[in-house]
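I opened my notebook to look up the aromatic rings here. My plan was to go pair by pair and then turn to the charges.

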Amino acid sequence: PRIQMIDCILIGGGIIGLFTARELSDAGVRVALLERKRTGREASWAGGGILSPLYPWRYGQAVNALVAWSQSVYPGLSEQLREETGIDPEFTRNGLLVLDPQETEKAQSWGRKWNSQIQSLLEEDIPALEPGLGSSAGGGLWMPAIGQVRNPRLVESLRQYLQERIDVREEMEVEHLLIESGRVRGVDTNQGKLFAERVIVCAGAWTRNLLGSLGNSPLIEPVRGQMILYEAVPGLVNRILLHRDHYLIPRRDGRILVGSTLEHRGFEKETTQEARSQLEAFAVNLFPAL
């Protein structure tokens, strides 16, 4: 049944929107979540799920503080969602192996500042962590505390949790915000107008267009990142691997994600043979068994 009274309209059904809705609902707020397509099926579905920036020492204070907090919270949160919904987000702390020894000095300085576990590796140290690796680039860095989640499972568990708790409206696109006396009072959608005391925007790449009418549009834009997926046997790849801005992410069932391109192509979603060839060459160079 639809909730008739709305305290808060939440725009965007990605992971951030779903988590925000969960917190609000648990606090007793009556939430209507509006999603332009299907809940959690955009970048939230396709992401690799690494709970860290690829090279965290390249980021500022705010990002690193958020990452540190997230890595402490996700294990318990994932287990809680599994118990509540029966869907396991598959939090796995299998560590990040960085095969870029030229990053060592910056990485070690960052590790001391953030009290983060980070170990320099010689080439002969690496087979103990990743026996199937064909090329180790002469050494690397090992970050054992880094974990991952399986994005589609996380989205499904959040959606299941919220199903009977909030009003989820899919295929409802917000066309613009309704502003009265300098305040946002609601939204105008492709299915009519909705009003609430509060409106929260979690629209990801669509945020900039939505907030443009307020005169302070954030510098947010869509970026296409193509990945490929191998269906391998468990244990072929054991760690999250990073080398020259590309990565491999092993899932528990043996699947391996290889990514990613970085393309400023607007909202284009099409995959390309060029990207596939590039990512395949990267993966096979590191793991000839692929």
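These are my entries on the rings, their burial and the charged ends over them.

Entry one. I reminded myself that this is a predicted model. I looked up the aromatic pairs and found four in the structure.

Entry two. I started with Tyr55 and Trp57, which make an edge-to-face pair. Their centres are 6.0 Å apart and the angle between the planes is 75°.

Entry three. Is Tyr55 buried or exposed? Its relative accessibility is 3%, so I put Tyr55 down as buried. For Trp57 I noted a relative accessible area of 12%; that is under the 20% cut-off, so Trp57 is buried too.

Entry four. Next I followed Trp57 to its pair with Trp110. Here the centres lie 5.9 Å apart and the planes meet at 65°. The angle is over 60 degrees, so I wrote down edge-to-face for this pair.

Entry five. Where do these two sit in the chain? I found Trp57 in the loop between α2 (43-46) and α3 (61-85), while Trp110 belongs to helix α4 (residues 104-114). The pair therefore ties together parts that are 53 residues apart in sequence. I also checked burial here: Trp57 and Trp110 are both buried.

Entry six. I put the pairs together: Tyr55, Trp57 and Trp110 are linked by ring pairs into a cluster.

Entry seven. Last, I looked up charges over rings. Arg58 has its charged end over the ring of Tyr55, 3.8 Å from the ring's centre. I noted Arg41 as well, with its charged end over the ring of Trp45 and 3.7 Å from the centre of that ring.

Note on methods: Residues are numbered from 1 along each chain as its sequence is written. This is a predicted model: local features need pLDDT of at least 70, side-chain atom pairs count only at pLDDT 80 or more; totals for chains, interfaces and linings use all residues. Side-chain values use heavy atoms; hydrogens and water are left out. Rings of Phe, Tyr and Trp (its six-membered ring) pair if their centres lie within 6.5 Å; planes under 30 degrees apart count as stacked, over 60 as edge-to-face and the rest as tilted. Buried means under 20% relative accessible area, exposed over 50%, partly exposed in between (1.4 Å probe, protein chains only). Helices (H or I, at least four residues) and strands (E, at least two) are DSSP runs, numbered from the N terminus. A charge sits over a ring if NZ of Lys or CZ of Arg is within 6 Å of the ring centre and within 35 degrees of the ring normal.
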